[in-house]
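Visitor: Could you walk me through this one? I'd like to start with a term or two and then go through the model piece by piece.

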Amino acid sequence: MTDSFDRLKQDFPILNQVINDEPLVYLDNAATTQKPQTVLDAVETYYHTSNANVHRGVHTLAERATSQYEGSREVIRNFINAAETAEVLLTRGTTTSLNWVARSFGEVVVEAGDEILISYMEHHSNIVPWQQLAKKKQAKLVYVELTEDGQLDLDDFQNKLTDKTKIVSLTHVSNVLGVVNPIQQIADWVHEKNGYLVVDGAQAVPHMPVDVQALQADFYAFSGHKMLGPTGIGVLYGKRALLEQMEPVEFGGEMIDFVEEQDSTWKELPWKFEAGTPNIAGAIGLAVAVQYLERIGMENIAQHERELIEYVMPKLKQIKGLTIFGPEDLRFRTGVISFNIDGVHPHDVATAMDMEGVAVRAGHHCAQPLMTYLNQPATARASFYIYNTKADADKFVEAILATKEFFLNGLN
Amino acid sequence: MALTKLDQLYRAVILEHSQTPRRRGTLDESTTQIELRNPTCGDVIQVQLNIQDGVVKDVRFDGSGCTISLASASMMTDAIIGKPIEEALNLSKEFSQVVQGNETEDQNALGDAMMLSGVSKFPARIKCATLSWKALEKALANQGTGVDGQMRHEEITE
């Protein structure tokens, strides 16, 4: 298994380069992943051979573009096991997907005095849309606490889940802690209380098998660029019965049925939500990315990341003055490692590691409430993906040691 | 190894300023206080000025940040204390040029802050170096009116 993963790097031209005189070790995959040659080729081929606007044209190119765009939707539907393509809306990304749910579905179900339940491990894109909805509707935004090791506090969750809770919106996997939340179990609890469950899957879909029907999520959002696809394309899955109740968030071309002077009717699902010319090349690129992931197998990918984490974590633990955030038990996390070196600011860590060719992220990772919760102004974060190897993990450890040495002993 | 390049950025003087910053704390008497954040990294800085007769009589800063932003704040206080408002603003403009790798007229006036010229080779870190100076500019522009504000990341670059 490890051998075949070692060969994947060859599929990613960008990884074959020298950064600051060192071979690039790319460990910022939670921010965005690199794209394999097949995805780059698919986007280029589309523009070379099939570019046209979708759904409207009668000519041959328009038909090609439409069938490739809609074919991509089917590939994505199958990947997440949605019941039908009508439930797979193509968006700009997770942020757009969550905004659509908050604005449109939130409009339907949330009333004054209701509660919206989220957690302290959410990304800003799963906080701010709900804040806005709560303000508009005079509803209350309630946060679930975390346990000491950074997992969702399920007791606190059950206490805060009440008859007032209309919407629960949780991340499937934390972008800072790598924690995997028990979405299926949570869906049961939410539905018992007649609430609706929205899931931010941006950090889950790229890293593990996701079956939206098995999870029983009412809505599920994710981004293409975090799973080898292009930027600017993402997905909102929603149950048909709920999508049917919702009004489109945007209006214009491509989404209308009939337009009269004073009123219009909408197309059927999923098109009623997709106003304007969509990101056709992005959708095609994402479908090819999905096929690339499917060839490897999502179980294998999850296993590969687990192996890398199990390999590197004991080495990290031996480093004095290194704090690692998130659960000790590696079964509850993906390939995301947030860490701080005592006495060295994460920004300085990221610059120093960059000089070693190792790309990590430093900052609050768009999760300021979580940083406040952890009592850290910021952390450094390494996030592994399919093309990372044990050699990358070794280089990561070496770069941390060199960074520590430079800042803490370099002065003597 | 590649870390030797880090010496361009983190020279001994810079590390020394960040570890024992000058004028970190609060003033008993101040005419202007400002708090500035860098929302993308979580850095926050407070600058207090005591301006008398158009001159920066005293200055303190506090906050949390990386080596570069703390060292820069410390160096900034060295450079501007005792200076008239106009001169302090000019220094800020010069510093902004220095960290972008441009020539300046009077490098000596910046003192230790000139040591941060290496930041120009690390574009992602220019904002760290300019945070305290941008706070200073905001405070001086308001001439002792005591404005609290938040400045966005993008605005910190220029």
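Guide: Sure. Buried means under 20% relative accessible area, taken with a 1.4 Å probe on protein chains only. Keep in mind that this is a predicted model.

Visitor: With that cut-off, are A:Phe339 and A:Phe396 buried or exposed?
Guide: The cut-off to apply is under 20% relative accessible area. A:Phe339 and A:Phe396 both fall on that side of it, so the word for the two of them is buried.

Visitor: And what kind of aromatic pair do the rings of A:Phe339 and A:Phe396 make?
Guide: Planes over 60 degrees apart count as edge-to-face. The ring centres of A:Phe339 and A:Phe396 are 5.6 Å apart and the planes stand at 70 degrees, so the pair is edge-to-face.

Visitor: How many residues apart are A:Phe339 and A:Phe396?
Guide: The pair ties together distant parts of the chain. A:Phe339 sits in strand β14 (residues 336–341) of chain A and A:Phe396 in helix α14 (residues 390–409) of chain A, a separation of 57 residues.

Visitor: How many aromatic pairs are there over all chains, and which residues form one cluster with A:Phe12?
Guide: Over all chains, the structure holds 18 aromatic pairs. As for the cluster, A:Phe12 is joined in it by A:Tyr292, A:Tyr385 and A:Tyr387.

Visitor: Now A:Phe157 and A:Trp189: what sort of pair is that?
Guide: Stacked needs planes under 30 degrees apart and edge-to-face needs over 60, with the rest counting as tilted. For A:Phe157 and A:Trp189 the planes are 35 degrees apart and the centres 6.0 Å, which makes the pair tilted.

Visitor: Which helices does the pair of A:Phe157 and A:Trp189 link?
Guide: Both A:Phe157 and A:Trp189 are buried. They are 32 residues apart, with A:Phe157 in helix α6 (residues 154–160) of chain A and A:Trp189 in helix α7 (residues 183–192) of chain A.

Visitor: What about A:Arg73, buried or exposed?
Guide: A:Arg73 belongs to helix α3 (residues 60–80) of chain A. Its relative accessible area is 0%, so A:Arg73 is buried.

Visitor: Which side chain makes a polar contact of 2.7 Å with that of A:Arg73?
Guide: Leaving aside neighbours within four places in sequence, the residues in contact with A:Arg73 include A:Thr85, A:Val88, A:Pro270 and A:Trp271. The side chain at 2.7 Å in a polar contact is that of A:Glu274.

Visitor: Let's turn to chain B. In what order do its elements run?
Guide: Chain B has 6 helices and 3 strands, and 50% of its 158 residues count as buried. From the N terminus on, the order is α-α-β-β-β-α-α-α-α.

Visitor: How much area do chain B and chain A bury between them?
Guide: The contact draws on 23 residues from chain B and 20 residues from chain A. Carbon and sulfur atoms account for 62% of the buried area, which comes to about 1800 Å².

Visitor: Which residues form the salt bridge across that interface?
Guide: The rule finds 1 salt bridge between chain B and chain A, along with 6 residue pairs in polar contact. In the salt bridge the closest N and O atoms are 2.8 Å apart, and the partners are A:Asp348 and B:Arg125.

Visitor: Which element gives the largest share of the side of chain B that touches chain A?
Guide: On that side, α1 (6–9), α2 (12–19) and α3 (67–80) of chain B each supply at least two residues. The largest share is 3 residues, from α1(B).

Definitions and conventions. Residues numbered from 1 in each chain as written. Chains lettered and ligands numbered in written order. Predicted model: local features only at pLDDT ≥ 70, side-chain atom pairs only at ≥ 80, totals over all residues. Heavy atoms only, no water. Contact = heavy atoms within 4.5 Å. Buried area = accessible area lost by both parts, 1.4 Å probe. Salt bridge = Lys/Arg side-chain N within 4 Å of Asp/Glu carboxyl O. Polar contact = N/O pair within 3.5 Å; in protein donor to acceptor, adjacent residues only side chain to side chain. Helix = DSSP H or I, 4+ residues; strand = E, 2+ residues; numbered from the N terminus. Phe/Tyr/Trp six-rings, centres within 6.5 Å; stacked < 30°, edge-to-face > 60°.
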